[in-house]
Amino acid sequence: MKDHIIQVDKNLCIGCGLCSGDCPVNNIIIKEKKAVIKNQDCIKCGHCEAICPKAAITLTGFSEKTMEITEESTLNPKDLLMALKTRRTIRKFKDKKVPLEIIQQIIEAGRITPSAKNAQNVSYIVLGEDKGKYEEVAVKFFRKIQGFAKLWMKDAREVTIDDNFFFKKAPVAIMVVTKDKVSGSLAAGNMALMAESYGLGVLYSGFFTSVANYSRKLRRILNLKHGDNVVTTLVIGYPNVKYRRTTKKEEAMVRYL
């Protein structure tokens, strides 16, 4: 992450205390009716910049500018719940490319996802037209270990590993990489929702993710560094299957205390 400095414009600051009250690490005080930053060693979450009514606080070092929020952006609860209920894991894809602009929007959904301590340490590897060479390495690795996997993984016993086992002939796969599994998982969830909003289908390829974390050869050609953990791999494309009804789920296990 680049160096970022929190700056307070004393001419604009009115000492309202909103920034101080909203700072999650108590890094701002009000002194002589002006906001004062205690030190620059904070998580740089940007709450202070976002909440200031006079735009008196600025975080430097970012390539993008903040956007003024003129209207609250809310989702329709019924539409959102229905979209979640009708989600299905897709394993059959059309022979149709996903435009680069949409791929970038999917990654954008991951980028803006909140991360633990605002670490912003999630990165992405897009496997496009050349993804076959990575799948080939993964297939060879998985075929070798399948015999051992059958001993402890029930699902592996009936699995047939063909040449398209991991990506199902989808046009693109996006790997979510981070040392922080929680942040990576949250980003992946938002990315999947964004993909589905464009009419795309998504498969969470847990098998490819496992191979990417354990195969030295695959990690080498993917240029994964020591400590880089692949949280998930989103296989994305236009669905070549249509589901006509929702599926049943067990009741939620909830305890109200």
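Select Glu-129 to begin: with a relative accessibility of 69%, this residue counts as exposed (over 50% relative accessible area, where under 20% is buried and anything in between partly exposed, using a 1.4 Å probe and protein chains only). The model on the screen is predicted, so local features are given only at pLDDT of at least 70 and side-chain atom pairs only at pLDDT 80 or more, whereas totals for chains, interfaces and linings use all residues. Residues are numbered from 1 along each chain as its sequence is written, and side-chain values use heavy atoms, with hydrogens and water left out.

**Salt bridges**

Add Lys-97 to the selection, and the side chains of Lys-97 and Glu-129 are seen to meet in a salt bridge at 3.1 Å, N to O (a side-chain nitrogen of Lys or Arg within 4 Å of a carboxyl oxygen of Asp or Glu). This pair links distant parts of the chain, 32 residues apart, with Lys-97 in the loop between α3 and α4 and Glu-129 in the loop between β5 (123-127) and α5 (131-152). Helices and strands here are DSSP runs numbered from the N terminus, helices being H or I with at least four residues and strands E with at least two. Lys-97 is exposed, its relative accessible area being 63%.

The structure holds seven salt bridges, and the next one to select joins Arg-111 to Glu-64, with the closest N and O atoms 3.1 Å apart. Arg-111 belongs to helix α4 and Glu-64 to the loop between β4 and α3, so this pair ties together parts that are 47 residues apart in sequence. Both ends are partly exposed, Arg-111 with a relative accessible area of 41% and Glu-64 at 46% relative accessibility.

Keep Arg-111 selected and add Glu-108, whose side chain meets that of Arg-111 in a salt bridge of 2.8 Å, N to O. Here the two partners both lie in helix α4, three residues apart, about one turn of the helix, and Glu-108 counts as partly exposed at 29% relative accessibility. Through shared partners, salt bridges join Glu-64, Glu-108 and Arg-111 into one network.

**A buried acid**

Move now to Glu-49, in helix α2 (residues 47-51). Which side chain of opposite charge is nearest to Glu-49? That side chain is Lys-65, 11 Å away, and Glu-49 is buried yet has no salt bridge; for charge, Lys and Arg count as positive and Asp and Glu as negative, while His and the chain ends are not counted. Leaving aside neighbours within four places in sequence, Glu-49 is in contact (heavy atoms within 4.5 Å) with Ile-57, Thr-58, Leu-59 and Thr-66.

**Pockets**

Select Cys-45, Gly-46, Phe-62, Glu-64 and Thr-66, which lie nearest the centre of the largest pocket among its 42 lining residues. On a 1 Å grid over the protein atoms alone, a pocket is an open set of points with protein on both sides within 12 Å along at least five of seven lines, a cavity is a set where a 1.4 Å probe fits but cannot get out, and lining residues have an atom within 4 Å of a point. The volume of the largest pocket is about 1800 Å³, a volume being the space filled by probe spheres set on grid points that are joined across faces, edges and corners. Helices α2, α4 (100-111) and α6 (181-197) and strand β4 (57-59) each supply at least two residues of this lining, which divides into 18 nonpolar, 14 polar and ten charged residues. Ala, Val, Leu, Ile, Met, Phe, Trp, Tyr, Cys and Pro count as nonpolar, Asp, Glu, Lys and Arg as charged, and the others, Gly among them, as polar.

The second largest pocket has a volume of about 520 Å³. Of its 23 lining residues, Ala-83, Thr-86, Arg-87, Glu-196 and Ser-197 are the closest to the centre. The largest share of that lining, four residues, comes from α3.

**Cavities**

Finally, look for the two cavities of 30 Å³ or more that the structure holds. For the largest, which encloses about 100 Å³ of space, select Ile-6, Cys-23, Cys-42, Cys-45 and Cys-48, the nearest to its centre of 15 lining residues. Eleven residues of that lining are nonpolar, three polar and one charged.

For the second largest cavity, with about 80 Å³ of space, select Cys-13, Gly-15, Cys-16, Cys-19 and Cys-52, the nearest to its centre of 13 lining residues. This lining has eleven nonpolar, two polar and no charged residues.
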